[in-house]
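Thank you all for coming; please have the sequence and the model open, since I will go back and forth between them. I will begin with a single residue, then turn to strands, domains and chain contacts.

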Amino acid sequence: MASVTITVNGQKRTADVEPRTLLVQLLRENHGLTGTHVGCDTSQCGACVIHVNGKSVKACTMLAVQADGASVTTIEGLADGATLHPMQEAFRDNHGLQCGFCTPGMVMSAVDLVQHNADPSEQEIRDWLEGNICRCTGYHNIVKSVKAGAAAMRKTKTKKK
Amino acid sequence: MDGSLIGSPVRRKEDQRFLTGRGNYTDDINRPGQAYAYIIRSPHGHAKIKKIDASAAAKTKGVIAVFTGDDMKVGSLPCGWQVKSTDGSPMKEPPHPPIAQGKVRHVGDQVCVVIAETYAIARDAAEKVKIDYQPLPAVVDMRRALESKSLVHDDVPKNLCYDWTIGDAKAVNDAFAKAHKVAKIELINNRLIANAMEPRAAIGDYDRSNGDYTLYTTSQNPHVIRLLMGAFVLQIPESKLRVVAPDVGGGFGSKIYHYAEEAIVTWAAGKLARPVKWTAERSESFMSDAHGRDHITHAKVAMDKDGRFLALMVDTMANMGAYLSTFAPCIPTYLHGTLLAGNYATPAIYTNVKAVFTNTVPVDAYRGAGRPECTYLLERLVDVAAREMKLDRAEIRRRNFIHADDFPYQTPVALKYDSGDYHTLMDKAIRLSGWDDFEKRRAEAKKRGKLRGIGISTYIEACGIAPSAVVGSLGARAGLYECANVRVHPTGSVTVFTGTHSHGQGHETTFAQLVAERLGLTVEQVDVVHGDTAKIPFGMGTYGSRSLAVGGVAIAKALDKIIAKGKKIAAHLLEASESDIEFRNGAFTVAGTDKKKMLGEVSLAAYVPHNYPIDKLEPGLEETAFFDPLNFSYPAGCHVCEVEIDPDTGVTKIVNFTAVDDFGRVLNPMIVDGQVHGGIAQGIGQALLETCVYDDNGQLVTGSLMDYCMPRADDLPSFKTGTHNVPARDNPLGVKGCGEVGAIGSPPAVIGAVIDALSPLGVTHMEMPATPLRVWQAINGTKHRKAAE
Amino acid sequence: MYSFDYARAKNAKDAAKLLAKKEAKVVAGGMTLLPTMKQRLAKPSLLVDLAASKDLKGIKKAAKALTIGAMTTHAEVAHSSVVKGACAALAALAEGIGDPQVRNRGTIGGSIANNDPAADYPAACLALGATIVTTQRKIPADKFFKGMFETALKRNELVTAIQFPMAEKAAYIKFPNPASRYAIVGVFVAKFKDEVRVAVTGAGPGVFRVPAWEEALAKKWSADAIAAGAVKAADMNSDIHATAEYRAHLCAVMAKRAVAAAK
């Protein structure tokens, strides 16, 4: 067993796990953060995308022990209390989700995109989402959502300044 | 009923929890004392199980039990539909044990279950189970299966499940004899894997205090699972079995069926008196979720000198896989053969369907279920007919459409369409897609070295399969009504219990709109509950685009009863005659006066019946309704697809996609549009990307997302959508289904576009999926041929 | 996954020491190793994590070569202005590997040490004539890649950095597998003052050079110089996504496009 301490959504949490435990298992099973999903076993679907030290990664393709000492943000930590993150709000406004299973990974990936590219084009959004598979929406409304979410994030940024 | 809420793009109520990671999917649920199951599956397509030695695994620390087929002798997983062959004999219905008994029949067949304190222990221990197989020749190709000496089931000769026909063979033959021209096609409808993003999962729970079982499962229809598993497999009465289908991450048909794992965890929970959880890994999903489509079809159409269809003849082989999945037999027959009129006034139709067993995963409904297969063959055949007749592809359709004033229209293959306007749908799609000036775009693309093509398809669909008496006479072993319970609480908020199930469709919002509009409430005041047999009186679930057309009407009927009772209470409170009470915008008023009582006041009186007509009326304000439709609903539409092909690589890019559909009355256009997008993406997936491949030994070649090509964001364009909605005449709400149309209408439009793009090279046929390899081979094959000429 | 022990190496030397344990394996980004272990196709006794080995990270440009530390992620290479200035083709290649999440974890050292026959970096190393620096020696790319998943690395030898000579012009174009997005065919072309090098990945059992195209391009740097037939179908992989003939054809198409795109 190995002791793993991560700061998850701002809270420091420690758990004893086997080295073979995946980060996504640590989050779901030890920390009860079931918003991060497992949709495949070949690192293709992206339902498990979270942020580790500010960057989007697939939590199914990282060991919990590899994250020891890291700062982790999951979908549960994205909203500011009762106020949704602008990207979450944009997904709701644009019907960017149906069954909701790919949604956490999709939103976390989209937020990372906007960190790199504040005003992505439709093509840039589609290219970025290569690692996130959705079976419900045909991506049409996801692309719309990300575009709107990016615009809202730009606005929030300007306001803060 | 059309007020502000109906037809309004109300934002979804369910999104808050999904967007914040608070959804509650089956794998998110953990029961106290839970054990974990790992299922050992057959690595062979076809083999005898000679011996299983699980002793070493059973002794492993942390292992609770190891079960084989010898331990779990229970009922067979039942089939919900019996199809009869033309000679009147019932289909062959071999047993389908939850754990294999003596023989495995497909890669992924359940052989042994290891239950342990953790999933990792179960999986480690599974490697210690020694299974001695004697491989048998696998039957994979349907065409060979009918002549194979190797039998999937020893007592099913020729591997033939049934041989079914519908239509008037003589009329069809006569028409072909006098035809001006005949167009023919032979094609394959490729086998698909649904791949809902949430892998299947199941938790069996057993309450020692009262002997009650609970199954949490990824299902589209928990009541159906309770019925099938309780009555046929485990012999647990409904009163002792609760089935919960919480948030479900997509279904597309694949989560309709009763699966072995559900029975295994429920049975094991009882045996071990502790909860048992199983969650599929994606690679398990590939080899254990029911697959879809997989038809081989020959079709021909007879035409007069003007290109009018005189008769249609279709021969289809349909793959059933190794066992009959829950609704498998009805897909190629009553959801395929009976749809063959399509949008056309073809006077004579005859079809034959042979259902074949093979050593592959069972095949059942997948988004569209029979109707995509039917639409694909028809629309491809109509394109061939247009070529034969040298007619424009839109024009030949126009000439053969059923006219808007001919509804209701009785087809020669049993169905009676209640409404539609196919000419306007196509005209609108043609305008929206720029069909008429396409040649300009083709020429421009040519300058850039690209082959551009355009394709068109029209479709009708039959949604909300019904009525029960009719489907019963055709072999259905269940009713196809729906149930709803509406509970007006004492202070006026409302809970709706529906037997349908939402796994992405947004029922919590759409149904709340329906109820809020009728009762004069806000959407927030209405809660929709689904997916729990302990809460909902009964239900048949969600599939075949039935939820609103059948389940929505059941809710409307319960609302009628609520309002009728409310009027009686209001009449008493207002000291007026019941016949003078009107209900509008949440208020019961005495006609022609300003005397009124709000719904909340009436419901309070119903639960606090101090001033109440107790001699004539029971207290409370809660009503249940069942609705059994008189007919299917028949959405229709026209899809136009435009592609560009890179001749050097064979890569096809969809550059425009237009869909114009008729959904009857629409409650939430935002949700309907989303359903259309998703369906189109799956249709494009079938046409360009997806296919399930087995090798000759029955090994699944496309066993993971590394080889099975799922559509991704960069494979697809944004879609242009439009509607021309004609209210359904036979549906009390005027609604038609919308969940499957995208997957039904799009594949022939895409393939039509690919063939059109390649037609300057002499290409006239293309199978799905039109992968870069296939397109390149088609281009190259023609090149070689042209060079040889 | 089978159970294993885990250790974080402080630096390359420490990692090499830890690797002495029987059946020990290094994990760099883990983008290939972890999925392989999840499928139970690998069974290491000890996993040596290089993430904390700071000496394996970083991008440096000298007069004649660009040096990239083994633990540099694909995203870091893709976004590095140093790499973009020295070899834009290399940055573009990194930007095209996997998806953004894979690029945030996957490393150049891990990619080349694994030598997946469909990986992108081996083509860059071979075409640019890179030198693979290890804990023990320097290995020219021409001697490093040994066919499918095989390299010249010894058991406890680690890649520490890759040195890329500067090309006048270079480009990498790939044709991805529609499902997995790995390269079905990827062609890297590099034009130097005195030679042209062309390397192909994805198409065969391992990355390989195409001398016929190199010679033709050295004579005339033009897409027209790429003659079909130099790559033989008989040497190609074949699967459900691409037959050997198709792969051979795509090699020429991608090579032409790479030459046309080279900057």
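Where in chain C is Met148(C) found? Met148(C) lies in the loop that runs between helix H9 (141-144) and strand S8 (159-165) of chain C, and before I build anything on that, let me say that what we are looking at is a predicted model.

Is Met148(C) buried or exposed? The answer falls in between: Met148(C) is classed as partly exposed because it has 14 C-beta neighbours inside 10 Å, whereas a residue would need 20 or more to count as buried and 12 or fewer to count as exposed. If we leave aside residues up to four places away in sequence, Met148(C) touches Pro117(C), Pro205(C) and Gly206(C). As for Lys64(C), it is separated from Met148(C) by 84 residues in sequence and by 31 Å in space, C-alpha to C-alpha.

Staying with chain C for a moment, there is an open sheet of three strands, in the order S1-S3-S2, whose pairing is parallel. Strand S1 (5-8) and strand S2 (24-27) of chain C are the edge strands, each of them pairing on one side only, and from one strand to the next the twist averages 25°. S2(C) and strand S3 (residues 46-49) of chain C run parallel and are joined by four bridges, and if you want a place to look, Val27(C) stands opposite Asp49(C) in S3(C).

Now to chain B, where I would like to follow one strand and its partners on either hand. Strand S11 (residues 212-217) of chain B is mostly covered, with five of its six residues buried. With strand S10 (residues 201-207) of chain B, S11(B) pairs in the antiparallel sense over six bridges, and within that pairing Ile203(B) stands opposite Tyr216(B). S10(B) and S11(B) form a hairpin that has four residues between the strands, and in the turn Gly211(B) takes a positive phi of about 75°.

What is the sense of the pairing between S11(B) and strand S12 (residues 241-244) of chain B? These two strands pair in the parallel sense, over four bridges, and Tyr213(B) has Leu241(B) in S12(B) as its bridge partner. To get from S11(B) to S12(B), the chain crosses through helix H6 (residues 222-233) of chain B, and this β-α-β crossover is right-handed.

Let me step back to the domains of chain B. The chain is divided into domain 1 (19-83 + 95-136 + 197-250 + 255-288), domain 2 (291-465 + 631-788) and domain 3 (481-627). Between domain 1 and domain 2 of chain B, the C-alpha centres lie 36 Å apart, and the contact takes 21 residues from domain 1 and 24 residues from domain 2. On the domain 1 side of that contact, the largest share, five residues, comes from helix H8 (residues 282-288) of chain B, and by class this side has nine nonpolar, ten polar and two charged residues.

Chain A can be read in a similar way. Its domain assignment gives domain 1 (2-76) and domain 2 (86-160), with 21 Å separating the two centres, taken over C-alpha atoms. Their contact takes 15 residues from domain 1 of chain A and eleven residues from domain 2 of chain A. On the domain 1 side, the elements that give two or more residues are strand S3 (49-52) and strand S4 (55-58) of chain A, and S3(A) gives the most, with three residues. That side of domain 1 of chain A has, by class, six nonpolar, eight polar and one charged residues.

Finally, the contacts between chains. How many residues of chain A are in contact with chain B? There are 45 of them, and they are in contact with 43 residues of chain B. On the chain A side, helix H2 (86-93), helix H3 (103-116), helix H4 (122-128) and helix H5 (140-160) each supply at least two residues, and the residues of that side divide into 21 nonpolar, 15 polar and nine charged. The contact between chain B and chain C takes 13 residues from chain B and eleven residues from chain C, and on the chain B side the residues divide into nine nonpolar, two polar and two charged.

Definitions and conventions:
Residues numbered from 1 in each chain as written. Chains lettered and ligands numbered in written order. Predicted model: local features only at pLDDT ≥ 70, side-chain atom pairs only at ≥ 80, totals over all residues. Domains from an automatic or database assignment. Contact = placed C-beta atoms within 7 Å. Nonpolar A, V, L, I, M, F, W, Y, C, P; charged D, E, K, R; others polar. Pairing = 2+ DSSP bridges. Right-handed = clockwise from strand over helix to strand, strands pointing away. Axes fitted to C-alpha atoms, helices over the stretch in contact; angles between N-to-C directions.
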